Amino acid sequence: RDPRVDQLREYRRERREGGTIVIEEPGNRTIVRQGDRLIIRHDDTDRFRRVYGRGEFRVDRRGSESYEIVQRPNGVEIVTVRDEDGRLLRRFRREQGGREIVIIDNSRRPLRQGYFVDEVVDLPPVRLSIPRERYIVEADDASEEELYEAFSAPPVERVARAYSLDEVRQSSQLRDRVRRVDVDTVTFASGSWELPSNQIARLRPVAVAIKRAIERDPTEVFLIEGHTDAVGSDVDNLSLSDRRAETVATILSEEFGVPAENLTTQGYGE
């Protein structure tokens, strides 16, 4: 209860793999430092199990692939397929009657060097043809229709090809191709990723708009980005931001019914 990032430090385990430093944390999180690059990775399956806790969870092995299956109480299954190294290949929802809706397809993901995507997508700066307030929407000032428009709008510039989830997570210039909603009014206590109960209602308009967008297109995926201020170490801030993003995604699902499988999270630190 009331977890804080300074409590994590004694539980971290650090090792070196060549020129890469790998830090493992509780909650199935791994922080990787390679040169001046620092990233954090975690497993969404634990979040699914919390959200759909009354359902069932199992893992099936099929050749070199593992199928992590979370069965919701209504019988719908969320299936996450991973390769032998635990990397996400695809995620789909299997509805009653057997219909499958593919949500994430990483089959065309780029090669890796160690823990990093081999090539971060390098794109020129985005050229806006819409007002900036429609490109970056402030959640506290926006109507439900304005939020829905931001969540359902096509990219502001043509996207050349399909990109993997890792490419999206690691390439800010790629993420700049779509509109975003800033939720700056949701505040956490210093060093904590527990959201006070009086803050939860502020997420309702965002949740309503996301649910509308998913009802229109059940394959939509929304990235919840976590950020912190500049106080503290870069490792602490990265872990804290990632856990805060996961907290928001969990609340959107538990409190407001946003499908957990249509959300993914990533912390970016300060």
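Just one aromatic pair turns up in the structure, where rings of Phe, Tyr and Trp (its six-membered ring) are paired if their centres lie within 6.5 Å, and planes under 30 degrees apart count as stacked, over 60 as edge-to-face and the rest as tilted. The partners are Phe151 and Phe222, with ring centres 5.4 Å apart and planes at 85 degrees, so this is an edge-to-face pair. It bridges distant parts of the chain: Phe151 belongs to helix α3 (residues 144-152) and Phe222 to strand β14 (residues 222-226), 71 residues apart. Helices (H or I, at least four residues) and strands (E, at least two) are DSSP runs, numbered from the N terminus. Both Phe151 and Phe222 are buried, with buried meaning under 20% relative accessible area, exposed over 50% and partly exposed in between (1.4 Å probe, protein chains only).

A word on the model itself: it is predicted, so local features need pLDDT of at least 70 and side-chain atom pairs count only at pLDDT 80 or more, while totals for chains, interfaces and linings use all residues. Residues are numbered from 1 along each chain as its sequence is written, and side-chain values use heavy atoms, with hydrogens and water left out.

Phe151 also shows up in the nonpolar interior. Leaving aside residues up to four places away in sequence, Phe151 touches Val181, Val206, Ala209, Ile210, Ala213, Glu220 and Phe222 (contact being heavy atoms within 4.5 Å). The largest nonpolar core runs to 29 residues, and Leu147, Phe151, Leu203, Ile210 and Leu252 have the most contacts inside it. Such a core is a set of buried Ala, Val, Leu, Ile, Met, Phe, Trp, Tyr and Cys residues joined through side-chain atoms within 4.5 Å. Two or more residues each come from α3, α6 (204-216), β14 and α7 (234-254), and α6 gives the largest share, six residues. Val51, Tyr52, Val70 and Ala260 are among the seven residues of a second, separate core.

Arginines sit over aromatic rings in two places worth a look. The charged end of Arg212 is over the ring of Tyr148, 3.9 Å from its centre, and Arg49 lies over the face of Phe57, at 4.0 Å from the ring centre. The rule here is that NZ of Lys or CZ of Arg is within 6 Å of the ring centre and within 35 degrees of the ring normal.

Then there are the salt bridges, 34 by count, taking a side-chain nitrogen of Lys or Arg within 4 Å of a carboxyl oxygen of Asp or Glu. In one of them Glu24 meets Arg15, with the closest N and O atoms 2.7 Å apart. Glu24 is partly exposed at 36% relative accessibility, and Arg15 is partly exposed at 33%.

Another bridge joins Asp166 to Arg41 (3.2 Å, N to O). Asp166 lies in helix α4 (residues 165-170) and Arg41 in strand β4 (residues 37-42), so parts 125 residues apart in sequence are tied together. Asp166 is buried at 10% relative accessibility, whereas Arg41 is partly exposed at 21%.

Glu77 and Arg58 form a further bridge (3.5 Å, N to O). This one runs between strands, with Glu77 in β7 (residues 77-82) and Arg58 in β5 (residues 56-62), 19 residues apart in sequence. Here Glu77 is buried at 10% relative accessibility, and Arg58 is partly exposed at 36%. Finally, Arg9, Arg12, Glu25, Asp236 and Arg243 are strung together in a network of salt bridges.
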